[in-house]
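Biologist: Before we discuss any labels, could you show me the model and then explain the terms you use as we go along?

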Amino acid sequence: FRRQTVSDLSRMTGLSTRKIRRKLVAAPHETYLPLPPAHPVVVVLDTTYFDAYGVMVFRDPHARKNLLWYFVQEETNAVYLEGLEALRRRGYVIAAVVCDGKKWLCESITLVYPVHCQFHLLKTVTRHLTRRPLLPAGQELRRLVLTLSRTTEKVFVSALDVWHERWRTFLTERTTDPLTRRWHYTHRRIRSAYGAVRHTLPYLFTYERHPAGHIPKTTNTLDGSFSQLKQKIHVHRGLNAKTQQKMVATILIGHPTKKPTENVY
């Protein structure tokens with residue numbers, strides 16, 4: 001949690017640097033699930049990556065606690081669903097799940113309200129259109145998506161329908177290869193951006209339809225903690241992956257008021 005080198009720890013404890021390193025290697029992984037609260041919880045999901053692995057985190061944004069995490073090589077819907085089921089087995093009653101931009105994840109979540117992160121949708125649209133689209137249709141679509149955080153579902157859907165009607169013919173334009181005679185849509189990037197918006201539309205305003213649940217509209221609670229996590233890891237760069245994972249797990253636990261009494265993984 002601070003800028004302590006092995007030499008610093010050696011001076012503080014009176015132990016040799018070799019013994020300090022042996023203790024770090026022998027330290028167990030600390031992973032635990034906090035006891036479930038009496039009320040339903042909202043779970044925010046996201047994954048961040050380091051050089052050799054990623055860490056998938058399930059977080060309660062209201063309590064600001066990380067409930068569960070997995071070290072993964074690849075972010076998959078199957079592992080996300082496995083984590084949600086692990087929380088249910090532990091006794092958590094999940095009211096809603098806020099997802100990142102992982103494709104088909106919202107559709108795979110059952111029994112609870114899925115929410116697609118609005119910020120991740122903006123990143124997806126920007127990936128297709130860039131920050132400064134050249135064509136007016138792309139410029140208008142990006143400006144519309146930028147209003148997500150301050151608009152309502154009714155207003156946004158209406159504006160999206162108006163945009164699509166205006167550019168309907170433009171979106172169906174085709175280009176034919178003179179050699180192969182095969183065709184493709186001329187404005188594929190704009191079509192892809194619009195498709196992403198239309199596909200996620202049922203999950204963008206879940207928080208508005210269920211206001212009593214205080215459901216966040218983004219995964220920002222995890223994005224901020226990931227940024228701090230990487231800063232702390234960077235201070236101790238040079239650790240091997242196994243020791244680094246122990247450090248990540250310790251930081252994700254944070255400073256619980258009581259020492260966890262049960263390691264479940």
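Modeller: Let me begin with a cut-off: a residue is called buried under 20% relative accessible area, exposed over 50%, and partly exposed in between. Please keep in mind that this is a predicted model.

Biologist: What makes Arg 11 count as exposed?

Modeller: Arg 11 has a relative accessibility of 61%, and because the term exposed applies over 50%, Arg 11 counts as exposed.

Biologist: How do you know that Arg 11 forms a salt bridge with Asp 8?

Modeller: The closest N and O atoms of Arg 11 and Asp 8 are 2.4 Å apart, and a side-chain nitrogen of Lys or Arg within 4 Å of a carboxyl oxygen of Asp or Glu is what the term requires, so the pair qualifies as a salt bridge. Both residues belong to helix α1 (residues 6–13), where they are three residues apart, about one turn of the helix. Asp 8, at 22% relative accessibility, counts as partly exposed.

Biologist: How many salt bridges does a search of the whole structure find?

Modeller: The search finds six, among them the pair of Glu 153 and Arg 209, with the closest N and O atoms 2.8 Å apart. Glu 153 lies in helix α7 (residues 153–166) and Arg 209 in helix α10 (residues 206–209), so this pair ties together parts that are 56 residues apart in sequence. Arg 209 has a relative accessible area of 39% and is therefore partly exposed.

Biologist: Why is the pair of Asp 161 and Arg 198 called a salt bridge?

Modeller: The closest N and O atoms of Asp 161 and Arg 198 are 2.8 Å apart, and since the limit is within 4 Å, the pair satisfies the criterion. It links distant parts of the chain, with Asp 161 in helix α7 and Arg 198 in helix α9 (residues 188–204), 37 residues apart. Asp 161, at 37% relative accessibility, counts as partly exposed, and so does Arg 198, with a relative accessible area of 29%.

Biologist: What is notable about the phi of Trp 104?

Modeller: Trp 104 is not a glycine, and yet its phi is positive, at about 70 degrees. Most residues other than glycine have a negative phi. Trp 104 sits in the loop between β4 (94–99) and α4 (105–108), and its 47% relative accessibility makes it partly exposed. Thr 130, also not a glycine, has a positive phi of about 70 degrees; its place is in the loop between α5 (118–129) and α6 (136–145), and with a relative accessible area of 42% Thr 130 is partly exposed.

Biologist: Which residues gather in a patch of positive charge on the surface?

Modeller: The patch is formed by Arg 18, Lys 19, Arg 22 and Lys 23, and Arg 22 is found in helix α2 (residues 17–26). Lys and Arg count as positive, so the four residues give the patch its sign.

Biologist: How does the radius of gyration of the protein stand against that of a compact globule?

Modeller: A compact globule of 265 residues would have a radius of gyration near 18 Å, but the protein has 23 Å. Along its principal axes, the C-alpha trace spans about 75 × 50 × 30 Å. Of the 265 residues, 42% count as buried, and the secondary structure comes to 12 helices and seven strands.

How values were computed. Residues numbered from 1 in each chain as written. Predicted model: local features only at pLDDT ≥ 70, side-chain atom pairs only at ≥ 80, totals over all residues. Heavy atoms only, no water. Patch = residues over 30% accessible without salt bridge, like charges linked within 9 Å, V, L, I, M, F, W, Y side chains within 5 Å. Areas by Shrake-Rupley, 256 points an atom, 1.4 Å probe, with all protein chains shown as cover. Charge placed at Lys NZ, Arg CZ, Asp CG, Glu CD. Helix = DSSP H or I, 4+ residues; strand = E, 2+ residues; numbered from the N terminus. Rg over C-alpha atoms; globule rule 2.2 N^0.38 Å. Buried < 20%, exposed > 50% of the residue type's maximum accessible area, 1.4 Å probe, protein only.
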